[in-house]
Amino acid sequence: MKNNRFITLVLILLALVLLALAASRLSPLDSVRRELGLDYEEPLKGSEIAGELRIPTVAMFTFRSLILDYLWIRADNLKNDGQYFDALHLSRLICALQPNLASVWDFQAWNMAYNISVAMPTFPERWNWVRAGFELLRDEGLKYNPGNEKIYHSLVMIFQHKMGAISDDAHYYYKLRLATEMMPILGVGNGTNEELAALAGVDRSWDKYRSKNLDLAALADKLVEIEPKFDNDKDMLKGVAEQGLKGCVPEVLEILGNAANLAVRKLEFYVRSGQLRDTWKMDPNTMIEINNKYGPVDLRDGMTRGNIDWRLPYAHALYWAYVGIKAVEVKKNYHPTRLERNLYHNLQNFFHYGQLNIYQSAPPPVATEREEGQEILRRPDQVGLRAFVSQDLTMFPVAYQATKDLISSYEGTDERVPGGFQVGSMNLGRNGVVDLFLAGHEKMARNYYNDLRSREPENPEFQVPIEKFVQGYLREEIASITPKQASNFIKSGLRDSFWRYAVGDIQNSRIREEFARLVHKKFNEEFDDVEGDRTSLPDFAEMRWLAMMEFLGDDAVDPYVKGQFMARLEIEYPEIHKRVMEKITQLRQQAADKSPGPLAQ
């Protein structure tokens, strides 16, 4: 009995000694963690739910892992049962309890943006969940895991794939929502360096900004004085930022509506700067860097740069890929391959889909929480969204050069260039050469064609004149279609050309028409000699006229688009406009003549 007590006492003393020794090593271990960038953040630090959960978190102690397993299972069951908001709160708790595991943030954000969003019955509700997904990664995941490549990649993919691609049938709604939220912040040019520099120059502190601008201080005091809704500057700034001015006294609206007032402009810049930095977590100076490095090129001189369209999801994806590459390279001296792929994929997306056309006067419908009658919107409320994305040729030189620079960055290192980089760069070059040539930029097309030749001098594909190369490329595109399919192909290409012309997408309109013209030429050359008149197509001018009348007579074409088409036609091609109007008048008369009179009914 005594022996047992003695052994127990020795074991207790030994345990205490070991605990003391372990505690003495905590400080050196923490120092090593900090040096390696592995320092753990305190769970729930700065969180709204920190106070009520701090004691239960500490109390978990040994059973922490088991409790977390239960929370994961419970959150998944809630999601499967359709209790999405309960699942959301539980997911955020899981992230708060495991803040330094990137896979936790990745899974929960993906679950919100992809799984839960598609279960929502309306597009505005879907948007709320997609936004919750990228905000979770951007606002919290990166806070606890700075420089983590996985979180940056997951954040980029929500913008690049969920919002930018077409897998979700609400993708145009996402693009429109993002654009309409960014436009008031970006200014007229959608993110010019001048506008961004002005936003970057605004003090983050309202008190400092106010004290440096006496005219602004006087304006703020006057607004608070005359508007009963504003008890202080904070209320006034919130009202201006959230467009919560409805119901304000007319004098407030008149003052804020005076764009020529310098103090009003300063107030506007402060609000816009705060929204960009605090709501969207984007630094205007970094956006200027991206404009200077990846902005579109003027095709007339091949040098002058503009700004990318920061309304697009590809711009946000590009921003976080760019910021992520810098953060990861600082932390780890190696190529962050996934983010590099993200960067050049989104530059290619700008080339293929970088021209955003919005032709809608009203903003898209919004699903708001806690406002009576607005929690859920009916599907008919979603009809009539008028926006589409199309090719931006001015981004081809940028995207193509970025792929070459990325490949060059691997030279002199022990890392191999990923195989897909070289193939993707060459395919992008082929597409760009053809589209530049068809759009009439022959000199630039020849320059890039010669560059492709120099990169693969032994490739027989590039050993022919550029005209033959373009014809061969197009021939592969249309190699297997029949004369009947060719006719449909030409007419559909022309209709697409008219549609783009109507909304001001002139460059792509020209490409579509030139492609249709080349298809027409190829088929007439190949089938006339063999089949004779049985398969030959009408003259291209006649097919263009027929396609135009079908386009204008199609009830599926938006009346707004038809109106824009006719308005542009009247100014730029008055003879064609006159002929169209005569034909429309003739068709209407014929329809009236055929309709039964009142006595026949």
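## Exercises on a predicted helical model

The residues of helix 18 that count as buried (under 20% relative accessible area, with exposed over 50% and partly exposed in between, 1.4 Å probe, protein chains only) are L339, E340, N342, L343, Y344, N346, L347, Q348, N349, F350 and F351. This is a predicted model, where local features need pLDDT of at least 70 and side-chain atom pairs count only at pLDDT 80 or more, while totals for chains, interfaces and linings use all residues. Residues are numbered from 1 along each chain as its sequence is written, and side-chain values use heavy atoms, with hydrogens and water left out.

**Exercise 1.** Compare the reach of helix 18 with the expected span.

*Solution.* Start with the range: helix 18 covers residues 337-353, which is 17 residues. Helices here are DSSP runs of H or I with at least four residues, strands are runs of E with at least two, and both are numbered from the N terminus. Next, take the expected span, 1.5 Å times one less than the number of residues; for helix 18 that is 24 Å. Finally, compare: the helix reaches 23 Å from first C-alpha to last, close to the expectation. For context, the protein chain has 27 helices and 2 strands.

**Exercise 2.** Describe the surroundings of I308: is this residue buried or exposed?

*Solution.* First, locate I308 in the loop between helix 16 (284-294) and helix 17 (313-331). Second, check accessibility: I308 has a relative accessible area of 1%, so this loop residue is buried. Third, list contacts (heavy atoms within 4.5 Å). Leaving out residues up to four places away in sequence, I308 touches N190, I290, N291, Y294, G295, P296, A315, L318, F350 and M395. F350 is also among the buried residues of helix 18. Last, look along the chain: G191 is 117 residues from I308 in sequence, yet their C-alpha atoms are 7.3 Å apart.

**Exercise 3.** Find which residues touch the most other members of the largest nonpolar core.

*Solution.* Begin with the rule: such a core is a set of buried Ala, Val, Leu, Ile, Met, Phe, Trp, Tyr and Cys residues joined through side-chain atoms within 4.5 Å. The largest core holds 155 residues, and M236, L267, W310 and F565 touch the most other members. Helix 17 gives the most to this core, with 11 residues. Another core, of 5 residues, lies apart from it and includes Y344, I407, Y410 and F421.

**Exercise 4.** Analyse the salt bridges R210–D221 and R517–E513.

*Solution.* Apply the criterion: a side-chain nitrogen of Lys or Arg within 4 Å of a carboxyl oxygen of Asp or Glu. The R210 and D221 side chains meet at 2.2 Å, N to O. R210 lies in helix 11 (residues 206-212) and D221 in helix 12 (residues 214-226), so the pair ties together parts that are 11 residues apart in sequence. R210 is buried at 19% relative accessible area, whereas D221 is partly exposed at 41%.

Now turn to R517 and E513, whose closest N and O atoms are 3.2 Å apart. Both sit in helix 24 (residues 506-531), and because they are 4 residues apart, about one helical turn separates them. R517 is partly exposed at 34% relative accessibility, while E513 counts as buried at 16%. To finish, place these pairs in the whole: the structure holds 31 salt bridges, and R126, K162, D168 and D169 are linked in a network of them.
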